[in-house]
Amino acid sequence: MSRPIPVRGLLAACLLAAATAAEAVALPRHHPVPGGVAVVPLGSAPERPAARYGGRPVLVVRAGDGWTAVVGIPLTARPGEARLAVAQGGRARAVAFRIRPHRYPEQRLTLKDPKMVTPPASALARIRAETARLRRGLAHRSPGVPERLRFPPPANGPLSSRFGLRRILNGKPRSPHRGLDIAAPRGAPVRAPAAGTVLDVGDFYFTGRTVLLDHGGGLVTLYCHLERVQVRKGQRLAAGARIGTVGASGRATGPHLHWAVALNGNLVDPVLFLETPSAAVAAR
Ligand SMILES: [Zn+2]
């Protein structure tokens, strides 16, 4: 006698596969350079490990059948061996990874308006306070893990200025570009690339109308030069929710979205988190 097809067994197997897929997060691209992201396997022991880099806790997610640390590397990091301090099940160990050297492109710009290059002395106190507020926001870490680590871009448009670009303004070296510019037209929608909570909203000297989103686990994203802000502090957003519109507020030479991604307090290349980085690059 033949047995009926074990539908219940199949269904259970499908449900199990779906549950595993839901728990496993698509990881950002492993690009262990200054300003990049290191994806470091931490083994498959049952307890969730805690990992620290440079004294700060780093994001640990479930990937496949093991644990993975997703580490934001500061743009100022020295290439060479780096270490994670890992604590798991009451035991401590060091896990090494290598930071590779990387040379970002250089761009020379000439701006006629001196205010764009050197802010007036009257603005310095304001700039200092806003810089500290942004830095605090970018270093924020709330519990939990991000819903996703691969995103669609928050606005549609060609990528005009890449992360890490070393800018020489009127012959003087300025701080490198720590975000990704998307040259979307004025008024184009800006959307949350992943679920999160609005951490801060401000109107700042350099970055103009600005929104910070907290995605949990030390992942924070920043949206600058907005024309309109359509969220308020503390608001919970689903992936794809509208944040505001593209503009040129603050010190911007024209409408664009400056999008930045901070991981464990370090600004890293947002392209590493894009679902289709090759398509985004092709749009340049
Ligand atoms: Zn920018």
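Asp181 is buried in this predicted model, with a relative accessible area of 9%, and this aspartate is also one of the residues that coordinate the zinc ion. The coordination is completed, as far as the listed donors go, by His177 through NE2 and His258 through ND1, while Asp181 contributes OD, and the distances run from 2.0 to 2.1 Å. Along the chain these donors follow the spacing H-x3-D-x76-H. The pair Asp181 and His258 thereby links distant parts of the chain, since Asp181 belongs to strand S11 (residues 180-182) and His258 to strand S18 (residues 257-263), 77 residues apart. His258 is buried as well, with a relative accessible area of 13%.

Ser161, in strand S8 (residues 159-161), touches two of these donors: leaving out residues up to four places away in sequence, Ser161 is in contact with Gln107, His177, Gly179, Leu180 and Asp181. Ser161 is buried, its relative accessible area being 10%. Gln107 lies 54 residues from Ser161 along the chain, and the C-alpha atoms of the two residues are separated by 9.5 Å.

A further buried position is Thr210, which is found in strand S14 (residues 208-216) and has a relative accessible area of 1%. The side chain of Thr210 makes a polar contact of 2.8 Å with the side chain of Thr207. When neighbours within four places in sequence are left aside, Thr210 is in contact with Leu134, with Asp200, Val201, Gly202 and Phe204, and with Leu222, Tyr223 and Cys224.

The table collects the buried residues discussed so far.

| Residue | Relative accessible area |
|---|---|
| Asp181 | 9% |
| His258 | 13% |
| Ser161 | 10% |
| Thr210 | 1% |

Turning to the sheets, one open sheet has six strands in the order S1-S4-S3-S2-S5-S6, and its pairing is antiparallel. Strand S1 (37-41) and strand S6 (91-99) stand at the edges of this sheet, and because each has a single partner strand, one side of each is left without a neighbour in the sheet. From one strand to the next the twist averages 35°. The pairing of S1 with strand S4 (residues 66-72) is antiparallel and extends over five bridges, and within it Val40 has Ala69 in S4 as its bridge partner.

A second open sheet has three strands, ordered S7-S9-S10, and here the pairing is mixed. Its edge strands are strand S7 (106-109) and strand S10 (172-173), each of which pairs on one side only. Strand S9 (residues 166-169) and S10 run antiparallel and are joined by two bridges, with Ile168 standing opposite Pro173 in S10.

For the protein chain as a whole, the secondary structure comes to four helices and 19 strands. Of the 284 residues in the chain, 46% are buried, and the accessible surface comes to about 14,600 Å², of which 56% belongs to carbon and sulfur atoms. Among contacts between residues at least 6 apart in sequence, 68% join residues at least 24 apart; the zinc donors Asp181 and His258, 77 residues apart, likewise link distant parts of the chain.

Notes
Residues are numbered from 1 along each chain as its sequence is written. This is a predicted model: local features need pLDDT of at least 70, side-chain atom pairs count only at pLDDT 80 or more; totals for chains, interfaces and linings use all residues. Side-chain values use heavy atoms; hydrogens and water are left out. Buried means under 20% relative accessible area, exposed over 50%, partly exposed in between (1.4 Å probe, protein chains only). Contact means heavy atoms within 4.5 Å. Accessible areas come from the Shrake-Rupley method with a 1.4 Å probe; for residues, only the protein chains shown count as cover. Two strands pair if DSSP finds at least two bridges between them. Axes are lines fitted to C-alpha atoms, for helices over the stretch in contact, and angles run from 0 to 180 degrees between N-to-C directions. Donors are N, O and S atoms within 2.8 Å of the metal (3.2 Å for Na, K and Ca); water is not among the atoms, so sites may look incomplete. A polar contact is a pair of N or O atoms within 3.5 Å; within protein, one must be able to donate a hydrogen and the other to accept it, and residues adjacent in sequence count only if both atoms are side-chain atoms.
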